[in-house]
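Me: I should like to learn how to read charged and polar side chains in a structural model. Could we work through the case below step by step?

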Amino acid sequence: MPAVTVDNPLTLPRVAAAAGARQRPALSVSTAPSGFEGEGFPVRRAFAGINHRHLDPFIMMDQMGEVEYAPGEAKGTPWHPHRGFETVTYLIDGTFVHQDSHGGGGTINDGDTQWMTAGSGLLHIEAPPESLVMSGGLFHGLQLWVNLPAKDKMMPPRYQDIGGGKVRLLTSADGGALLRLIAGELDGHRGPGITHTPITMLHVSLNPGAELTLPWNPGFNALAYGLAGRGTAGPERRPFRTGQTVVFGEGDALTVRADASQESRSPNFELVLLGGQPIREPVMHYGPFVMNTRAELAQAVEDYQAGRLGSIPAEPADGA
């Protein structure tokens, strides 16, 4: 995983939970089912089967790939609408091109993040550049959907392009973990992502046998998702691995550990840690729309069909 890294994590600021902090228990571990999205690229549905009360303010998260495309195989998504939430696309391996009907767009590469606030609605497309389609290659990333509160659902759309070099790099007390803080606050450090719904999102690389204990906002929920390798979560040391999601209970700190022996394809235990402030509002989710009522969903569909969410630009995304 060539996402942003450093040669010596001990040169980075260190974070650690306070002595005596209340540990969050690992309440459950679930395995993400596999499926296909868009034009047929493989995904794992990280939050499938998890009660929304544990996920709020998150709606869904897909692990895209990890897949090695042969020449001509790389796929993306066709033009499609969104309203009422934000999409966060974090690319670990490969290249993706984004374009939307509100004028946002760009190319993201290894370690980059694109943050699209759909708000009142837009159309967008995500596709591999022509060079990747022609050559083939590795593709791996995440897409997270973050809900917006009712007061912000109809806000103007916004696009953020967060280059990997902007991510806040941190380490654990003993240097055994590399933390890439993408959004939110952790122990006084802030990530570059600007969020309407307060969240924390970080990609963690844990050395074999390393333990990481982080302070965690007691008002946030807490989730961990295994990207590669295996380890344990919580004071109970509940095992989890690639493609599994941990739901943590309440507390001021959370702990994850890497097994001493890891997979040959990944020297470290790679995981994503997520937390957010629950919105605690009704959620009505229909395809690409996330609203509060059925009437609002019906209005979103009507607006899309009437062309009120925007039109496809004359020049489609081509990776140029």
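Reply: Let us begin with one polar pair in this predicted model. The side chains of Glu 126 and Gln 114 are joined by a polar contact of 3.1 Å.

Me: With which other side chain does Glu 126 make a polar contact?

Reply: The partner is the side chain of Gln 143, at 3.0 Å. Glu 126 itself is found in strand β11, which spans residues 122-127.

Me: Is Glu 126 buried or exposed?

Reply: The criterion is relative accessible area, with buried meaning under 20%. Glu 126 has 3% relative accessibility and therefore counts as buried.

Me: Which residues is Glu 126 in contact with, leaving aside its neighbours within four places in sequence?

Reply: Among them are Gly 76, Thr 77, Thr 89 and Phe 96. The list also includes Val 97 and His 98, as well as Gln 114 and Gln 143. As for sequence and space, Glu 126 and Glu 270 are 144 residues apart in sequence, and their C-alpha atoms are 25 Å apart.

Me: What is the general idea behind a salt bridge?

Reply: Side chains of opposite charge can pair when their charged atoms come close. The cut-off applied is a side-chain nitrogen of Lys or Arg within 4 Å of a carboxyl oxygen of Asp or Glu. By this rule, the count is 9 salt bridges.

Me: Which residue forms a salt bridge with Arg 158, and where do the two lie in the chain?

Reply: Arg 158 pairs with Glu 86, and the closest N and O atoms are 4.0 Å apart. This pair links distant parts of the chain: Arg 158 belongs to strand β13 (residues 158-162) and Glu 86 to strand β7 (residues 85-93), 72 residues apart. Arg 158 counts as partly exposed because its relative accessibility is 26%, whereas Glu 86, at 0%, counts as buried.

Me: How should the salt bridge of Asp 152 with Lys 151 be read?

Reply: In that pair, the closest N and O atoms are 3.1 Å apart. Asp 152 counts as buried at 13% relative accessibility, while Lys 151 is exposed, its relative accessible area being 71%.

Me: Which residues do salt bridges with shared partners join into one network?

Reply: Consider Asp 303, which forms a salt bridge with Arg 308, with 2.8 Å between the closest N and O atoms. Asp 303 has 8% relative accessibility, so this residue counts as buried. Through shared partners, salt bridges join Arg 83, Glu 302, Asp 303 and Arg 308 into one network.

Terms used: Residues numbered from 1 in each chain as written. Predicted model: local features only at pLDDT ≥ 70, side-chain atom pairs only at ≥ 80, totals over all residues. Heavy atoms only, no water. Helix = DSSP H or I, 4+ residues; strand = E, 2+ residues; numbered from the N terminus. Buried < 20%, exposed > 50% of the residue type's maximum accessible area, 1.4 Å probe, protein only. Contact = heavy atoms within 4.5 Å. Polar contact = N/O pair within 3.5 Å; in protein donor to acceptor, adjacent residues only side chain to side chain.
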